[in-house]
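The exercises below are meant to be worked through with the sequence and the structure side by side. Each opens with a task and continues with a solution in steps.

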Amino acid sequence: YTLGKGIQTQSSEKPHDLYDVEPSYQLQCDWKENMKIHLKNGEEIIFNVFSATLGYSREHVLIYSSSKTTQDFIRCIIETFRRLGGTTQTILTDNMSAVVTVKGRQKKIHPQINQLMKDLNTDLKLCKAKTPQTKGKDENSNKFVKWIYPYDYSLESEEELIHTIENVICSQCNRQINSSTRMPPSKLFQKEKDYLQPLPNKILLESYLAEHTVSTVPPTLLIQYKGCRYSVPQQYINKRVDIYQIENRLYIYHNKNLVTIHTLTQQSVNYKEEHYKKALETTIRNKDV
């Protein structure tokens, strides 16, 4: 059998193509599900990572998510393309329940997903069942997600976990030399990004992200949402943040980076312990100076 270009095998197993694609043609994506890590105080956090990989450069995007709903998929796809600075011609993913409903041999893509693909000018392609090799480039990126486990019991907060995944580990992924291209993804991405399709209108994209509001963080650290107040880290005081409600969760972003997640409550004030402690430490330090 011939695999890709000039690669021969006589294995009895069914071969699959080691193919490459043109710049901007394809984005492969998947979930790394139900991961667990402990903070320094022993608190266990169960989470998922949305991992996406460009087919040409192998540039990776990793996004923290507490759940895997259709709205989460939409949010992560939009955020991925925002970070990349453009869209691809196709998206390749598996038959995840957030994307399709499967009844016997029939697969139906959720209407919201279909409409999003039209607005992104992108075709959604589904992997054949039991053929994960067709999405192998992103399966490889999932290996990098395991780099989070050495941080077990060493991180202070969920925000630090988010930063470690989306910035530290993702950056390491994109600097690592790829065994197929023999180049770091970040270097090839400098070429591929010029071929990406332009992003749709910003207002159109934000229409997919329910309950989007913008707020400036006051000195109290508490932004207001539906009559209740929720805390953010103190470094965002006087900065504008974007607030999205997805189901019963509040996702707060600054400059496209996810900075904290709150569960919606009926309490008038909702401080995260780590936000309050760090602000208190700063206040005490300033009084001692």
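**Exercise 1: The two sides of a helix**

Task: Determine which residues of helix α2 (residues 111-120) are buried, and where they lie around the axis.

Solution. In this predicted model, the buried residues of α2 are Ile113, Leu116, Met117 and Leu120. The next step is to look along the axis: these residues cover an arc of only 100° around it, which puts them on the same side of α2. Turning to the other side of α2, one finds that Pro111 and Lys118 are exposed. Finally, the residue that follows α2 is Asn121, and its phi is positive, near 60°.

**Exercise 2: A mixed sheet and the helix packed on it**

Task: Establish the strand order of the open five-stranded sheet, and describe how helix α4 (residues 158-175) is placed against the sheet.

Solution. Begin with the order, which reads β5-β4-β3-β6-β9 in an open sheet with mixed pairing. The edge strands are β5 (60-65) and β9 (123-126), each of which pairs on one side only. From one strand to the next, the twist averages 25°.

Then examine one pairing in detail: strands β3 (residues 26-38) and β4 (residues 44-54) run antiparallel and are joined by ten bridges. Within this pairing, Cys29 stands opposite Ala52 in β4. Helix α4 packs on the sheet, where it touches β3, β4 and β5, and its direction makes about 165° with that of β5.

**Exercise 3: A threonine in helix α4**

Task: Decide whether Thr164, found in helix α4, is buried or exposed, and list its contacts beyond its neighbours within four places in sequence.

Solution. The relative accessibility of Thr164 is 4%, while the cut-off for a buried residue is under 20%. Thr164 therefore counts as buried. Once its neighbours within four places in sequence are left aside, Thr164 is in contact with Ile148, Tyr151, Leu155 and Ile169.

**Exercise 4: Linked aromatic rings**

Task: Classify the ring pairs that link Trp31, Phe50 and Phe73 into a cluster.

Solution. A pair of aromatic rings is described by the distance of the centres and the angle of the planes. A search of the whole structure finds five aromatic pairs. For Trp31 and Phe50, the ring centres are 5.3 Å apart and the planes lie at 75°, so this pair is edge-to-face. The pair links distant parts of the chain, with Trp31 in strand β3 and Phe50 in strand β4, 19 residues apart. Both Trp31 and Phe50 are buried.

The second step concerns Phe50 and Phe73, which form an edge-to-face pair with 6.0 Å from centre to centre and 80° between the planes. This pair, too, links distant parts of the chain, since Phe50 belongs to strand β4 and Phe73 to helix α1 (residues 70-84), 23 residues apart. Both Phe50 and Phe73 are buried. Taken together, the ring pairs link Trp31, Phe50 and Phe73 into a cluster.

**Exercise 5: The chain as a whole**

Task: Describe the protein chain by its elements, its burial, its contacts and its exposed area.

Solution. Counting elements gives seven helices and 16 strands in the protein chain. Of its 289 residues, 47% count as buried. Among contacts between residues at least 6 apart in sequence, 62% join residues at least 24 apart. As for the surface, the protein chain exposes about 15600 Å², of which carbon and sulfur atoms supply 48%.

Definitions and conventions: Residues are numbered from 1 along each chain as its sequence is written. This is a predicted model: local features need pLDDT of at least 70, side-chain atom pairs count only at pLDDT 80 or more; totals for chains, interfaces and linings use all residues. Side-chain values use heavy atoms; hydrogens and water are left out. Buried means under 20% relative accessible area, exposed over 50%, partly exposed in between (1.4 Å probe, protein chains only). Helices (H or I, at least four residues) and strands (E, at least two) are DSSP runs, numbered from the N terminus. The arc is that of the directions from the helix axis to the C-beta atoms. Two strands pair if DSSP finds at least two bridges between them. Axes are lines fitted to C-alpha atoms, for helices over the stretch in contact, and angles run from 0 to 180 degrees between N-to-C directions. Contact means heavy atoms within 4.5 Å. Accessible areas come from the Shrake-Rupley method with a 1.4 Å probe; for residues, only the protein chains shown count as cover. Rings of Phe, Tyr and Trp (its six-membered ring) pair if their centres lie within 6.5 Å; planes under 30 degrees apart count as stacked, over 60 as edge-to-face and the rest as tilted.
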